[in-house]
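Q: Please walk me through a structure, one feature at a time. I want to learn how to read each one.

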Amino acid sequence: MRVERLSKSRTNHCVINASVNGTAAHGEDYDDTFEGGPVHAGAVIVPAVLAVAEHRGLSGAAVVKGIAVGVEIMCRMSLVAPQATHKASFHPTAVFGAPAAAAGVAAALGMQADKIAHAIGIAGSLASGIIEYLADGSWTKRLHAGAAAQAGIRAALLAEGGFTGPTTVLEGSHGFYKAFAPSKAPDFVPLLDRLGANWVLETVAFKPYACGTMTQPFIDCAIELARSGVRAGDVVSMVCEVGEGTVHRLWEPLAQKQSPPNGYAAKFSTPYCIAVGFIDGKAGFEEFTDARVADPSLRKLAGTVSYVIDPKNEYPKNFTGHIRAMLRDGSVREVRKAHMRGGAHEPLSAGDILEKFYDNARFGGWPRSRAASLAESLDRIAAGAATDLTIARG
């Protein structure tokens, strides 16, 4: 076996790059989302493939191939036993990310089918990530995308060197879905149906707000309600119809969600997201600082927000929003969003996404000129040029 590759410092640097960049990409929960999963494929696959591409001097064509394969596999894996992974207390992005990143990296490296199968098999034993961060807003969720990216690289390089993994890792009696989604019998049709011909990755959503994906249409509802002339002081209560599968992550325990302990926890609190959308008219980085979350006016309004389960809600196939506001004068205002803005039903334009990129760079302290240079470098890679991201480390 040629596993000595893993001991080389450049390879370790590659793995560290993927881990750091994946963690950063997912850290503010402003990354892309596949609604059917839900999973955040870009934050795992892109850092993994780019790190290996820089390490090995791969072409842009290899990068595009690796990203396409990894994102497609990760999205499809999330459809095999929907909601069961969350139910088992695992984070789908973390656990599906490792084998998908392994597949993407292996594809970018041009590995043969048997080696790719072993890479996926190895990654099954490197996948991990639980959702207990929901209890207190601690940071482990941020780590998950980076951990999955580096796990995928390690698995692919081990397989490249001759290490083997179980080729029945997904469907086996002791396999991936048995471990990470035990409450539901896996249906592998979505994983394989027209694979390579019908690309589900084309439906990946780009978030307009820096918080949990399922909260996004509720923020749009809140903004619309405020723009209709309703003031925070007018509101007695706001009741939202929600999908049952979102309750344990975004609504309960309700008292805690109405008064999140810090900015990170607020990203996964629908009551807070509704309140900040209503009062600030936006939900970017500044709306999820610890100081902003502590604002008494936000906490007061969030305290009026509760939910009822809608048994007909389409989650996780579709993310919807709804607010029924009872006002002090006895009137009721109701706002609905049939889908997530930024998703397949109402995608953001290329210009919107580019401006989001510039906003993120500016928040990180980059001048627009440097961000524009990086955007140009990424366009060249996508067009097939060599992988050169020097400007990102300038």
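**Salt bridges, pockets and cavities**

A: Start with one pair: Lys282 and Glu287 form a salt bridge, their closest N and O atoms lying 4.0 Å apart. A salt bridge is a side-chain nitrogen of Lys or Arg within 4 Å of a carboxyl oxygen of Asp or Glu. Two notes on the source: this is a predicted model, where local features need pLDDT of at least 70 and side-chain atom pairs count only at pLDDT 80 or more, while totals for chains, interfaces and linings use all residues. Residues are numbered from 1 along each chain as its sequence is written, and side-chain values use heavy atoms, with hydrogens and water left out.

Q: Is Glu287 buried or exposed?

A: Buried means under 20% relative accessible area, exposed means over 50%, and partly exposed is in between (1.4 Å probe, protein chains only). Glu287 counts as buried because its relative accessibility is 4%. Its partner Lys282 is partly exposed, at 45%.

Q: How many salt bridges does the structure hold?

A: The structure holds 21. One of them joins the side chains of Arg142 and Glu28, at 3.3 Å from N to O. Arg142 lies in helix H7 (residues 140-160) and Glu28 in the loop between H1 and H2, so the pair ties together parts that are 114 residues apart in sequence. Helices (H or I, at least four residues) and strands (E, at least two) are DSSP runs, numbered from the N terminus. Arg142 is buried, with 13% relative accessible area. Glu28 is partly exposed, at 28%.

Q: Which residue forms a salt bridge with Glu355?

A: Arg368 does, with the closest N and O atoms 3.0 Å apart. Glu355 sits in helix H17 and Arg368 in helix H18, 13 residues apart. Glu355 is partly exposed, at 37%. Arg368 also counts as partly exposed, at 47%. Salt bridges can share partners too: Asp29, Asp31, Lys141 and Lys207 are joined into one network this way.

Q: Now for empty space. How is it found?

A: Rolling a probe the size of a water molecule over the atoms shows where empty space is left. On a 1 Å grid over the protein atoms alone, a cavity is a set of points where a 1.4 Å probe fits but cannot get out. A pocket is an open set with protein on both sides within 12 Å along at least five of seven lines. Lining residues have an atom within 4 Å of a point. Grid points are joined across faces, edges and corners, and a volume is the space filled by probe spheres set on the points.

Q: How much space lies in the largest pocket?

A: About 2,200 Å³. Of its 45 lining residues, the closest to the centre are Ala25, Val46, Leu50, Phe357 and Leu378. Helices H1 (9-27), H2 (42-56), H3 (60-77), H17 (350-363) and H18 (368-382) each give two or more residues to this lining. The lining divides into 33 nonpolar, five polar and seven charged residues. Ala, Val, Leu, Ile, Met, Phe, Trp, Tyr, Cys and Pro count as nonpolar, Asp, Glu, Lys and Arg as charged, and the others, Gly among them, as polar.

Q: What lines the second largest pocket?

A: Its lining has seven nonpolar, two polar and ten charged residues. The space is about 420 Å³.

Q: How many cavities are there of 30 Å³ or more?

A: Three. The largest holds about 160 Å³. Of its 15 lining residues, His40, His86, Lys141, Met214 and Arg249 are closest to the centre.
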